[in-house]
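Here's a set of exercises to work through with the model open in your viewer. Try each task first, then check the steps.

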Amino acid sequence: MDAVEKANAERQKRWVKDQKVGEGTYAVVYRGREAATGRKVAIKKIKVGQFKDGLDMSAIREVKYLRELHHQNVIELLDVFSSKTNLNLVLEFLDSDLEMIIKDRSLVFLPADIKSWMAMTFRGLEFCHRNWILHRDLKPNNLLVASDGQLKIADFGLARDFADPGYKMTCQVITRWYRPPELLFGSRYYSSAVDIWSVGTIFAELMLRIPYLPGESDMDQLKTIFRALGTPTEEEWPGHTKLPDYVPMGLFPKTPLRDLFTAASADTLNLLSKCLIYEPRKRITAREALHHSYFTALPYPSHPSKLPKCTTQLAAHALEEVDGNVTMDSTGPGVKAKNGRLKRKLSSPSDDSKTRSIARRLDFTKHTPHS
Amino acid sequence: MAAETVASPPVPPPKQPLYEASTQFRNWRYSPEQLSAIRASLNAAAVAVIRQTFEVEEPGSSSIVSFLTPDEELLLVKLYVTKITQLCGLFRFPEEVEATAITYLKRFYLRNTVMDWHPKNVMLTALFLATKTTNNPISLETYTTHIPKTAPSDVLDLEFLVAQSLGFEFAVWHAHRALWGLCLDIQNLPDCPSDTRELYDAALKHIRTSRLTDAELIYTPAQIALAALSLAAPELAHQWSISKMPPDAPHTSRLSAETLPSIMDAIKSLITSSGHPPNIDSVREVDRRLKLCKNPEKVVGSQAYLAKKAEQEKKAEEKRNKKAVAVEQAIADGDPFGNELAERRPGLVDYDDDDDD
Ligand SMILES: Nc1ncnc2c1ncn2[C@@H]1O[C@H](COP(=O)(O)OP(=O)(O)OP(=O)(O)O)[C@@H](O)[C@H]1O
């Protein structure tokens, strides 16, 4: 055996693959563990043979960036190995994501909780930007949450470097509702400010508990943005009418954020508005955001371990526990894997999990004396 | 309870040098002695294996083979470094692609030998991979139709091996980028000409030359950039170093004022002494001998290759059979997904794994 093959085989032996927990567009995800320590991991198996251009760009980007980035708020890539024609990424195992948490109606978010999630998001993002990496797909579903409550930025399949200013990039990035106006107008020269806009819309979503700017098409997205924040003037955003895909959208008046976010503090709205400034160059940076008074003012951010946790995830665990004894339907082995976490985005909290979350909520109040 | 968070507002940790956190810094830097040792041991191991294979096919046959030496292997690799440059010119790929592909090729041969894998296809694969990792992808079809006598499979067959040999560490820090930063920085020096473009171009030539050497495997991009600038404009480079490292500064800095001159001299002499394309006749001779001493197990279609394939297939078959028996046994026990079983033999519940895809 070649030295390279041998090294790979050794790596492979370090990890044990257990059951399938999910499926993305280009990968199947398994739960697994480190053989020596039993540490729980996620193994993302990417089939390579199926692409006519070889290793797929998303996989390449994900591996390239995660190999370099090590930060508490960025998902950790523990290892990479190959098996036959598959690429296996060993990632830290994360129980849930912010989308599940936002959608879980049984959870109550305190301002301190939102502040904590925002702090962790900005910390992770500041680290990416400091390393000259744009994420380009921030959304609640890509902010994963560990069992200890730590938030981790994940899914670097669209990420790229931006060290070269004035380098033309594609504007077809970022899921629509989280996409900034400059990209919707077709700007090809953009910066880390695109990620900040996404964080702003996530910030709003955490307060509203529904997507803040849910456009129905790319065109409608601009309208939705302008309806919420007012049509930008030339003074506010110089040159935007010259962008490649600019179209006049009609004049929408500015309504104060306060009208929608009635309960938010002045600091909160100030930071939110700075994330959603039209002119990308004036938008706050991740580094500046971390120094914003929102984060130093009361209430202090909740400790990650005290943040609301998803109940669907608890339900999924329960399912996993009975897995072994219950024969699912009767269609055979494949079914079992599909039941657990695969549908976690769709599943609603069971009655059982509701009682748990109420218990948690009481618990939570007890531990948050500041509020 | 939340006291720890209160005490530590979400301010990022102090800036750690980014380059020093990179995989390049941690995994791909060597001393010249280490490089020779690695190449010698890869070469020796390959020779031993190939000799053995020859002997199995025909006892006594290996004694007449003249295997390549580590230096000869290196010479061949160097030739293919120059081919990357040619192809990048043909495709008009950005500098980033070229520099990255060259790095990949060099790193590949710190894990493999040319007697196992001929650099021609490895080079084509490294370049194709580099277009993707630097975000300048083109379709494989476009790529191979523009290169004579090249089929898509020549590239695809090796892509995984190349990626694996690189440890899937695709990000590369380049000296030409460091040079760009350096040229912005020297504009603050009093003696700097108002237009640094000419200077930059002159220094860039030296950086391109350095790609033909081991420099990037030994020195940091910043060191190579400074050496290149020093070859182009010695006085300015000197002033810049002094401005960055006053002689009375604490010598904790990595690029300390004391060691810097000797590092600069070493890089400069490396660039001037080995920074030229290899002599075509000597490479041709090496390549001719390589045809006779390459590993037959890696030559698609050869007897040894087929034998190895058959052996691998047999092993896989055995594994599948063993697994099937185990699953059958489990079903017979009436508890195919049993907890107990799952705990005792974790592999068994993994019926959905990739053995058969
Ligand atoms: N680190 C992880 N820990 C635990 N489960 C994970 C982890 N990463 C992914 N999963 C699970 O696997 C599923 C698929 O993940 P993947 O990242 O491949 O795709 P996705 O982000 O859901 O979708 P897409 O590929 O379309 O972006 C996720 O929905 C999740 O259930």
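Buried means under 20% relative accessible area, exposed means over 50%, and partly exposed is anything in between. Keep in mind that this is a predicted model.

**Exercise 1. Work out which burial class each partner of the B:E216 and B:K106 salt bridge falls into.**

Step 1: Find the contact. The side chains of B:E216 and B:K106 form a salt bridge, at 2.6 Å from N to O.

Step 2: Place the partners. B:E216 is in helix α11 (residues 215-218) of chain B and B:K106 is in helix α5 of chain B, so a gap of 110 residues in sequence is bridged here.

Step 3: Apply the cut-off. B:K106 has a relative accessible area of 7%, which is under 20%, so B:K106 is buried. B:E216 comes in at 17%, so this residue is buried as well.

**Exercise 2. Do likewise for the salt bridge between B:E96 and B:R177.**

Step 1: The N to O distance for this pair is 3.3 Å.

Step 2: B:E96 belongs to helix α5 (residues 95-108) of chain B, and B:R177 to helix α9 (residues 175-186) of chain B; the two are 81 residues apart.

Step 3: B:E96 is buried because its relative accessible area is 16%. B:R177 has 33%, so it counts as partly exposed.

**Exercise 3. Turn to chain A: is A:E279 buried or exposed, and what about A:R281?**

Step 1: These two form a salt bridge, with the closest N and O atoms 3.7 Å apart.

Step 2: A:E279 has 7% relative accessibility, so it is buried. A:R281 has 72%, so it is exposed.

Step 3: Zoom out. A search of the whole structure gives 29 salt bridges over all chains.

**Exercise 4. Classify two aromatic pairs by their geometry: A:F185 with A:W237, and B:Y19 with B:W173.**

Step 1: Pick your descriptors. A ring pair is described by the distance of the centres and the angle of the planes.

Step 2: Start from the total, which is 22 aromatic pairs over all chains. One of them is A:F185 with A:W237, at 5.9 Å centre to centre and 40° between the planes, which makes it tilted.

Step 3: Locate that pair. A:F185 is in the loop between α5 (181-184) and α6 (193-208) of chain A, while A:W237 is in the loop between α7 (218-229) and α8 (257-260) of chain A, 52 residues apart. Both A:F185 and A:W237 are buried.

Step 4: Now the chain B pair. B:Y19 and B:W173 are 5.5 Å apart, centre to centre, with 70° between the planes, and that pair is edge-to-face. B:Y19 lies in the loop between α1 (3-7) and α2 (23-27) of chain B and B:W173 in the loop between α8 (152-165) and α9 of chain B, so the pair ties together parts that are 154 residues apart in sequence. B:Y19 is buried at 13%, whereas B:W173 is partly exposed at 34%.

Step 5: Look for a cluster. Ring pairs connect A:F185, A:W197, A:F226, A:W237, A:Y246 and A:Y278.

**Exercise 5. Find which residues have the most contacts inside the largest nonpolar core.**

Step 1: The largest core holds 146 residues, and A:L87, A:L98, A:F122 and A:F156 have the most contacts inside it.

Step 2: Take A:L98 as an example. Leaving out residues up to four places away in sequence, A:L98 touches A:W117, A:P140, A:L143, A:V145, A:L151, A:I202 and A:L206.

Step 3: Another core lies apart from that one and has 36 residues, including B:W28, B:Y200, B:I207 and B:L229.

**Exercise 6. Check how the residues that UniProt lists under "binding site" are arranged in space.**

Step 1: The unreviewed UniProt entry lists A:V21, A:G22, A:E23, A:G24, A:T25, A:Y26, A:A27, A:V28, A:V29, A:K44 and A:K45.

Step 2: They spread over 25 residues of sequence but cluster in space, with a largest C-alpha distance of 14.4 Å.

Step 3: Zoom in on A:V29, in strand β2 of chain A. Neighbours within four places aside, A:V29 contacts A:K20, A:V21, A:G22, A:A42, A:I43 and A:K44. Its relative accessibility is 21%, so A:V29 counts as partly exposed.

Methods
Residues numbered from 1 in each chain as written. Chains lettered and ligands numbered in written order. Predicted model: local features only at pLDDT ≥ 70, side-chain atom pairs only at ≥ 80, totals over all residues. Heavy atoms only, no water. Core = buried A, V, L, I, M, F, W, Y, C linked by side-chain atoms within 4.5 Å. Buried < 20%, exposed > 50% of the residue type's maximum accessible area, 1.4 Å probe, protein only. Contact = heavy atoms within 4.5 Å. Salt bridge = Lys/Arg side-chain N within 4 Å of Asp/Glu carboxyl O. Helix = DSSP H or I, 4+ residues; strand = E, 2+ residues; numbered from the N terminus. Phe/Tyr/Trp six-rings, centres within 6.5 Å; stacked < 30°, edge-to-face > 60°. UniProt positions renumbered as here; feature names shortened; annotations may be inferred.
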